Amino acid sequence: MSIILKLFVFPISLIIICLGINTILGGHITPGGGFQGGAMIAGGLIFCIIVYGLKESPFKITHNFLSGMESAGALGYVFLGLAGLFTSGFFLYNLGVDLYGITPAVFQTLFNYPDPTSAGIIPYLNYVVGIKVMVGLSAVVIAFLESDKILGENEQ
Amino acid sequence: MIFYIGPLVLGFFLGFIIGTRIKPSPESKLKFDKKVYAIVFIVAIGVAYLLGAFPYYQDIPLASGYASAIIGIIIGKLLFGRSKSSEGQIS
Amino acid sequence: MSEGIRSLIASISLALFAVTLFQAIIGFDQLLTPGISQIYNWIGPQIAPNAVTNVVFDWRAYDTLGEALILVTAVVVTLLIFGRGMVDLGGDEE
């Protein structure tokens, strides 16, 4: 890769990552949301990995980080659903906006997103889905880049 | 006026998690020192001002999620982004 | 079958299909009723301004959980195939 690419890719990837975080956080107002914002953050990380290579990349992503974050994202979604199941009778009930009025008011103020709009747990669901998609897409690209070394060792 | 802490806290946390993964690589020829991060911070505040706030938010004229994300990345790098010798903290 | 009979059967079936299709399309807008959409349009802005996010993450959130589990499965299977040197699955020694 040429010297111009190696000079400006790292600052630009920081700008792209912050834009992806902004898209995740505005999922209930603007077009976008969890899946789209997570793909944008993964795009920024993959940009750095391709231009610099796996050894010299500024983002050092280990195997434990990938598996931990993916588990955190998927389990966060399930636990938000289970919280709705145990307080009311419904799985993934929107506890911030109590449409049927069947839970005490404590849970409505606890799970509500502090926002001008009354969106309930929808921004939290966007957040955990964004974490999961970001780590999942980066893991696939890192596995493809590392496979040459492992396949070359197996053939000898 | 009141600040809505939802985007500030969540954006800072995600930026902090990504900032802990920036580690310097000692054997390459490129060095990203403190000047680069200062310029990136100024450009990011400019981008946040030009983006504007979300439609129903009326507290500050910036994009609050964007600004707290770039602050989180820089603080995460300063706190945990050490060299490869002490990698056993968060891996 | 010969060539002529095959083309005759094809043209008759095409004519029947075209007549059925056009008879279902003509006068379609008198058959539409809004129905449940009036309830959704009334109660949607009370929850979130984005109608797509309301449908995907609030009223159909269980399907989005299935979508997230598809992504987990895809990543696990990809890492299983391409990470052959890292995981010792047992089996016979080669």
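**Group meeting: three chains and how they touch**

Okay, let's start with the A–B contact, where 31 residues of chain B meet 28 residues of chain A. On the chain B side, helix 1 (5–19), helix 2 (34–51) and helix 3 (64–80) are the elements giving two or more residues. Helix 1 of chain B has the largest share there, with eight residues. And if you sort that side of chain B by class, you get 22 nonpolar, seven polar and two charged residues.

I should say right away that this is a predicted model, so please keep that in mind through everything that follows.

While we're on chain B, a quick word about the chain itself. It has three helices and zero strands, and along the sequence the pattern reads α-α-α. Chain B has 91 residues, and 35% of them count as buried. Now take the contacts in chain B between residues at least 6 apart in sequence: 75% of those join residues at least 24 apart.

Next, who touches whom? Two pairs of chains touch, and chains A and B have the most contacts between them. Chains B and C have no contact with each other, and their closest C-alpha atoms are 9 Å apart.

So on to A and C. That contact draws 28 residues from chain A and 20 residues from chain C. On the chain A side, helix 3 (63–87) and helix 5 (122–155) each supply at least two residues. Which of the helices of chain A gives the most to that side? Helix 5 does, with 15 residues. By class, the side of chain A that touches chain C comes out as 15 nonpolar, ten polar and three charged.

Let's look at one helix pair across that contact. The axes of helix 3 of chain A and helix 4 (residues 61–82) of chain C come within 11 Å, and they cross at roughly 160 degrees. Since the angle is over 145, helix 3 of chain A is roughly antiparallel to helix 4 of chain C. The crossing of these two helices is left-handed. If you want to find the spot on screen, look for Glu70(A), Ala74(A) and Tyr77(A) on the helix 3 side, meeting Leu65(C), Ala68(C), Val72(C) and Val75(C) on the helix 4 side. That contact has six nonpolar residues, no polar ones and one charged.

Now compare a pair inside chain A. Helix 1 (residues 3–25) and helix 2 (residues 34–56) of chain A have axes that come within 8 Å and cross at roughly 170 degrees. Again, that makes helix 1 of chain A roughly antiparallel to helix 2 of chain A. Plenty of residues take part, including Val9(A), Phe10(A), Ile17(A) and Ile21(A) from helix 1, and Gly37(A), Gly44(A), Phe47(A) and Tyr52(A) from helix 2. By class, the contact of helix 1 with helix 2 in chain A has 14 nonpolar residues, nine polar and one charged.

Last stop, the core. The largest nonpolar core has 64 residues, and those with the most contacts inside it are Cys18(A), Ile21(A), Leu125(A) and Ile70(B). Helix 5 of chain A gives the most to this core, with 13 residues. What does Leu125(A) touch, leaving out residues up to four places away in sequence? In chain A it touches Gly34(A), Tyr77(A) and Leu80(A), and in chain C it touches Phe57(C) and Ala61(C).

That's my tour, thanks!

Notes. Residues are numbered from 1 along each chain as its sequence is written. Chains are lettered from A and ligands numbered from 1 in the order in which they are written. This is a predicted model: local features need pLDDT of at least 70, side-chain atom pairs count only at pLDDT 80 or more; totals for chains, interfaces and linings use all residues. Two residues are in contact if their C-beta atoms, placed from the backbone, lie within 7 Å. Helices (H or I, at least four residues) and strands (E, at least two) are DSSP runs, numbered from the N terminus. Ala, Val, Leu, Ile, Met, Phe, Trp, Tyr, Cys and Pro count as nonpolar, Asp, Glu, Lys and Arg as charged, and the others, Gly among them, as polar. Axes are lines fitted to C-alpha atoms, for helices over the stretch in contact, and angles run from 0 to 180 degrees between N-to-C directions. Angles under 35 degrees count as roughly parallel, over 145 as roughly antiparallel, 65 to 115 as roughly perpendicular and the rest as oblique. A crossing is left-handed if the near helix is turned anticlockwise from the far one by less than a right angle, and right-handed if clockwise. A nonpolar core is a set of buried Ala, Val, Leu, Ile, Met, Phe, Trp, Tyr and Cys residues joined through C-beta atoms within 7 Å. A residue is buried if 20 or more other C-beta atoms lie within 10 Å of its own, exposed if 12 or fewer, and partly exposed in between; C-beta atoms are placed from the backbone.
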